[in-house]
Amino acid sequence: SDSDTGTTMASNHHHDIDPSIGDRRLGFAIAINLLLTVAQVIGGLISGSLSLIADALHNFSDAAALLIAWVARKIGRQPADHFRTFGYKRAEVIATLINLVTLVLVGLYLIFEAMWRIYEPQIIEGWTVVIVAAIALVIDIATAVLTYSMSKNSMNIRAAFLHNVSDALASVGVIIAGSLIILYDWYWSDTLLTLIIAGYVLYQASTLLPKTIHILMQGTPENISIEEVIKAMQNVTGVDNVHHVHIWQLDEHRNALEAHVVIADLSQIAIVKAAIKNELSQQFAITHSTLEFEEAHCEQCGC
């Protein structure tokens, strides 16, 4: 049998910016989002606006998501050791799961509060809503700018970036609701907007959760067909059969494979092995493979 060692596992990482610069950007984004959350909660309590508090909770979840992603990035950069032979990169996938579960809880809570507000309507101060939401819009745009370049190659940061974009849209909606209250006393618009924000939060979580769980469950990468992999391996000269194939994602960027390979001549193992690994890397971006070689007659005699 043959297996790659932990130190030789290639990674399809795209180094868009220096890690320390990325950490500073995340730190700044976390700080301004926490300050924004506090300001929105205070504004929501003063004005009586549930949608403003809803937006504050969404912003807090973003700040928490950024904080968890920041910690996960730190952990994920640690090298493989005897306790984690594949390394610590999957910490970011775990962080994503935590963030998405939190988003689901926030969305459900917002729906509960909005439905309760229907039975107990409250007077809302429209100008406070508009002013605080306008400040929130500026902060959301600034955070999105800070995380945009980092979001291209990271599930965690991409989720946080999309959350901030949705927050910016939510802030625009809150401004509209506040304006409707000022102009027409349409207090129901605040409750309606809260339900819309909650629905969008749950939609985001539902689209990202399956992919996250799929990685943690060691599922086959979505863009890879096991049948096609087996066919490509069996097309390599010298290979008679491939079976017991397992393909999974080590993390967001690295794919792994285990398989039994039947060949006619065991003296050709080195050549066949190199050809298979090259095929796996080029066609399917599988950078870590463990191959167990068997001689063709073993299938008949049960060696």
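This talk goes through a few local features of the structure shown above, strand by strand and helix by helix.

Please keep in mind throughout that what we are looking at is a predicted model.

Let me begin with the strands. Strand S2 covers residues 239–249, and strand S3 covers residues 255–263. These two, S2 and S3, form a hairpin with five residues between them, and they run antiparallel, joined by eight bridges. If you would like one pair to look for on the screen, take His-243, which stands opposite His-260 in S3.

On its other pairing, S3 meets strand S4, residues 286–295, and here S3 and S4 pair in the parallel sense, over nine bridges. A pair to look for in this case is Glu-258, whose bridge partner in S4 is Thr-290. How many of the nine residues of S3 are buried? Eight of them are, so the strand is largely enclosed by the rest of the structure.

Two residues in this part of the chain have a backbone angle that deserves a moment of attention. His-244, placed in strand S2, has a phi near 50°, which is a positive value in a residue other than glycine. Is His-244 buried or exposed? With a relative accessible area of 52%, over the 50% cut-off, His-244 counts as exposed. The second residue is Ala-285, which again is not a glycine and yet has a positive phi of about 55°. Ala-285 sits in the loop between helix H8, residues 269–284, and strand S4, and its relative accessible area of 28% makes it partly exposed.

That brings us to the helices, and first to how such a pair is described. Two packed helices are characterised by the angle between their axes and by the distance between those axes. For helix H7, residues 226–234, and H8, the angle is about 140° and the axes are 10 Å apart, which makes H7 oblique to H8. The crossing in which H7 passes H8 is right-handed. On the H7 side, the contact is made by Glu-228, Val-229, Ala-232 and Met-233, and on the H8 side by Ile-276, Glu-279, Leu-280, Gln-283 and Phe-284. Sorted by character, the residues of this contact are six nonpolar, one polar and two charged.

Now consider Ile-224, which is found in the loop between helix H6, residues 188–216, and H7. Its relative accessibility is 9%, and because the cut-off for buried is under 20%, Ile-224 counts as buried. Which residues does Ile-224 contact, leaving aside its neighbours within four places in sequence? They are Val-229, Ile-247, Asn-255, Phe-284 and Ile-286. Of these, Phe-284 is 60 residues away from Ile-224 in sequence, while the C-alpha to C-alpha distance between the two is 6.8 Å. Two of these partners, Val-229 and Phe-284, have already been named in the contact of H7 with H8.

I will finish in another part of the chain, with Thr-143, which lies in helix H4, residues 126–148. Thr-143 is buried, with a relative accessible area of 0%. Not counting residues up to four places away in sequence, Thr-143 touches Ala-29, Ile-32, Asn-33, Leu-66 and Asn-164.

Conventions: Residues are numbered from 1 along each chain as its sequence is written. This is a predicted model: local features need pLDDT of at least 70, side-chain atom pairs count only at pLDDT 80 or more; totals for chains, interfaces and linings use all residues. Side-chain values use heavy atoms; hydrogens and water are left out. Helices (H or I, at least four residues) and strands (E, at least two) are DSSP runs, numbered from the N terminus. Buried means under 20% relative accessible area, exposed over 50%, partly exposed in between (1.4 Å probe, protein chains only). Axes are lines fitted to C-alpha atoms, for helices over the stretch in contact, and angles run from 0 to 180 degrees between N-to-C directions. Angles under 35 degrees count as roughly parallel, over 145 as roughly antiparallel, 65 to 115 as roughly perpendicular and the rest as oblique. A crossing is left-handed if the near helix is turned anticlockwise from the far one by less than a right angle, and right-handed if clockwise. Contact means heavy atoms within 4.5 Å. Ala, Val, Leu, Ile, Met, Phe, Trp, Tyr, Cys and Pro count as nonpolar, Asp, Glu, Lys and Arg as charged, and the others, Gly among them, as polar. Two strands pair if DSSP finds at least two bridges between them.
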